[in-house]
Structures are given as C-alpha cells and as structure tokens.
Amino acid sequence: MRILFTRFPLESAEGGAENQTQWLWEGLRGKGHTVSFLGSCGVLLRRAQELIIDNEQLIIGPPPVTKFGAVSFLWRKASMQRKLIEAVSDMKQKPEAIVMLSLTEKLLLTEWAQNQGIRVFWIEHDRIGRWFTKNPWLSTLKKLSAQSTTICVSELSRRLYLELGWPEDHTIAIQNGVPTSRQITKHQAPIASLSLGCLARLSPEKGVDVLIDAVMDMPEVSLTIVGDGPDRGYLTTRIEEDARRHGEGHIRLLSRVQDIDSWYASIDVLILPSTDHDPFGLAAAEAMMRGIPVIVTDEAGIAGYLRNGHDAIIVPADSAPALQEAIDSLSDDATRENVGVAGLKTATQYFTLATMTEAYEAAFA
C-alpha cells in the first residue's frame, strides 16, 4: 500500500510523536508498504531524508491552534487547501491512504481525499486541552471524523474522543510501541538509596513540579529530570531551592542526554507524574522494555494497560504524597525486582514495534 503521512505543526520539536512516527515508517516499510511524507515539520522532514523516504516540504501557514490562528484560518483556509490539494495531486504515485498527524490537513484535506478514493486516517498524539475543546473549528472536525478512521494511542484517549462526540465505529486505539532494548541488570545487592529518573516535556500537564514537591521531602533518594519546555525556568527555581536544603545533585535537570541507554542504566525507577491527559507515555514503555520499574499516574494512557503493584505502580494524579508512597514501596529490593520483571514481560507483550506495526497494518487493510 502507498501511504502518505502529513504533518503541519505549530512548532517542530523532538518528542514522542516524532519517534513513534519514525518507528511506524520503518515498520510499515519493512512490511513492504511504500511510505512518503508531506509537511512543514522540520524534525520529520530530516528523519525522512535520513531514512531515504520520499518527502516534500510544504509551507501553508500556521495551524488553527492559537486564538489568532483559529480566527485567521477563516480567510486563510481556501489558499491553504489549494496548496495541499495541488501537492498531493502532483505526486508521482497517488497515495492509497493518507495518515494525517495535525489539525490543518484534517480540516482541509479529509473530504477531498475521500472523494478521490483515498482512505483517511487521523493519528491523535496530542493531549486534549483547551486549544482543542474550545477551538471554534472543533464542530467541523467532529463532522469530518465520520469520513476518517481516528487512531488514538491509548484506550484513555479513545474514551475522551468518544466523549467529545467522535463516532465509535470510526475511532480505535492502537497503543504505541518502542524498540526492544537490552535488559538492564543492576544492583544485585541491596542499594543504599534510589536513583529516580523522569523523562518528560517541561509543561504543566506533565506534573514534573509535583514530582519535585515529593522528592524535596525525601533526602534519601536522588532525582534526574531530562527534558525541556515552557516550565523550565520555574522548575529550575524549585530545584535551586531544593539544593539549598539538601545540597547540589539531590535533584538535577538536564535538557537532553547523549546516550539514552546509559541514562536508563543510571536510574533505578522511572516516574511519569502526569497531572492531566497524557495520551500514552513512551518513556514508561521504554523503561519497562529495559526491566526498569515504573511509577505512572492514572492520567497516563499507558496506565490502562498495566496492573498496579504487579507490572507498575499506578498513583492518583497531582498527589505528591501518593508519589512519595510509591517511591517508598520501590525502595524494597524484592518489590523493585518483581515489578521490573513483570513490567518487562508486559512491555514485550503489548509495547513492541512489531505489535504496533501489525495493528496499524490491520487498520489500513
């Protein structure tokens, strides 16, 4: 099958959606499908070039996800739609399916593609926030959803879309997959203190501030946060406050790491402290695939595939005391070992790239 992916984001950045898209490209191509990309996302354009995937940059204007963008979309959309249609029509081989990753093309290209006999799929990676629920174009998008198959990355996200009015028979869930990795074997003897890790975008809904609140009262553990985002300044101030109480290094913040495997090998527990709708939570799946026990909140989509106390510790969102209790439970060596082993088994059953690719291939078929 010839499958065209499109994405026209407000801003292009490295993240889980970009990783999942690349892995899906590789998986589908490995299954014999032809994959191409059209859009303005610099990250995906670069990755398509590195993978030698047909790609074309197309600049059509900002998406309707801000107040100005949503209002100006009213008079911009005709020219944007014309550019989109021309770009797809001029492709050497007509795509049999278009996978749309952002709001712009879902609004402008869905009906045209259906009329051309092209199957339409929407992948919903982003959280449902005010930019979406209060968007003046939501009613139009809702109507168009009946002409596409919406693929959510977790059952949690699917439920939220159904509550918004998406048609049940056109809305499915396919959980994300991550690359298999070598299992990390460490700490055969009891450890003196836990090394905690958090890999997340530094934005309010990720709950990193709640995690810092929890760890500030736990001098016996250490925490390394990896990520960047709009909350970086505020979180840096909180970490400096902690350093005055417990010394440098108790909580560290890194923008990125050069070797992700080495970073995972340096931690004993991965924490995903999401306080609001987190569609999936790739970092938790990556840690589980390495045999690292994870703590996630009930606002993370991945929690719907896990069993509390068995293959993960699941806590209520936005609760520093709940995070403290979960961290304490994993200070027990046997508990930590058991949760890590069970988590690895769950990850290899549900969160592999092969499982994800096969599910998408079935949806496309």
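This section describes a helix contact, aromatic pairs, salt bridges and selected loop residues in a predicted model.

Helix 8 (residues 208–216) packs against helix 9 (residues 232–246) at an angle of about 5°, and the two axes lie 11 Å apart. Because angles under 35 degrees count as roughly parallel, helix 8 is described as roughly parallel to helix 9. On the helix 8 side, the contact is made by Val208, Asp209, Ile212, Asp213 and Met216. Helix 9 contributes Tyr234, Leu235, Arg238, Ile239, Glu241, Asp242, Arg245 and His246. Sorted by residue class, the contact of helix 8 with helix 9 has six nonpolar, one polar and six charged residues.

Two of the charged residues in this contact are paired across it. Asp213 and Arg238 form a salt bridge in which the closest N and O atoms are 2.6 Å apart. Asp213 belongs to helix 8 and Arg238 to helix 9, so the salt bridge ties together parts of the chain that are 25 residues apart in sequence. The partners differ in accessibility class: Asp213 is partly exposed, at a relative accessible area of 30%, whereas Arg238 counts as buried, at 14% relative accessibility. Arg238 also forms a salt bridge with Glu241, with 3.6 Å between the closest N and O atoms. Arg238 and Glu241 are three residues apart in helix 9 and are therefore separated by about one helical turn. Glu241 counts as partly exposed, its relative accessibility being 33%. Elsewhere, Glu14, Arg46, Arg47 and Glu50 are joined into one network by salt bridges that share partners.

Over the whole structure, the search finds 16 salt bridges. Among them is the pair of Arg7 and Glu18, whose side chains meet at 2.6 Å, N to O. This pair links distant parts of the chain, with Arg7 in strand 1 (residues 2–7) and Glu18 in helix 1 (residues 16–30), 11 residues apart. Both Arg7 and Glu18 are buried.

The aromatic pairs were counted next. A pair of aromatic rings is described by the distance of the centres and the angle of the planes. The count comes to 13 aromatic pairs. One of these, Phe121 with Phe364, is edge-to-face, with 4.8 Å centre to centre and 70° between the planes. Phe121 lies in strand 5 (residues 119–124) and Phe364 in helix 14 (residues 353–364), and the pair links parts of the chain 243 residues apart. Phe121 has a relative accessible area of 0% and is buried. Phe364 is likewise buried, with a relative accessible area of 2%.

A further pair is formed by Phe132 and Trp166, whose ring centres are 6.0 Å apart and whose planes stand at 40°, so the pair is tilted. Phe132 is located in helix 5 (residues 130–133), while Trp166 is in the loop between helix 7 (155–164) and strand 7 (171–173), so parts that are 34 residues apart in sequence are tied together by this pair. Phe132 and Trp166 are both buried. Through ring pairs, Trp131, Phe132, Tyr161 and Trp166 are linked into a cluster.

Ser154 is found in the loop between strand 6 (149–152) and helix 7. Its relative accessibility is 0%, so Ser154 counts as buried. Apart from neighbours within four places in sequence, Ser154 is in contact with Ala173, Pro279, Phe280, Gly301 and Tyr305. The C-alpha atom of Ser154 is separated by 5.1 Å from that of Gln175, a residue 21 residues apart from Ser154 along the chain.

Backbone torsions were also examined. Most residues other than glycine have a negative phi, and most peptide bonds are trans. Ile52 is not a glycine, yet has a positive phi of about 55°. Ile52 lies in the loop between helix 2 (42–50) and strand 3 (54–57), and is exposed, with a relative accessible area of 73%. Asp318, also not a glycine, has a positive phi of about 65°. Asp318 lies in the loop between strand 13 (313–315) and helix 12 (320–329). With a relative accessible area of 56%, Asp318 is exposed.

Methods
Residues numbered from 1 in each chain as written. Predicted model: local features only at pLDDT ≥ 70, side-chain atom pairs only at ≥ 80, totals over all residues. Heavy atoms only, no water. Axes fitted to C-alpha atoms, helices over the stretch in contact; angles between N-to-C directions. Helix = DSSP H or I, 4+ residues; strand = E, 2+ residues; numbered from the N terminus. Parallel < 35°, antiparallel > 145°, perpendicular 65-115°, else oblique. Contact = heavy atoms within 4.5 Å. Nonpolar A, V, L, I, M, F, W, Y, C, P; charged D, E, K, R; others polar. Phe/Tyr/Trp six-rings, centres within 6.5 Å; stacked < 30°, edge-to-face > 60°. Buried < 20%, exposed > 50% of the residue type's maximum accessible area, 1.4 Å probe, protein only. Salt bridge = Lys/Arg side-chain N within 4 Å of Asp/Glu carboxyl O.
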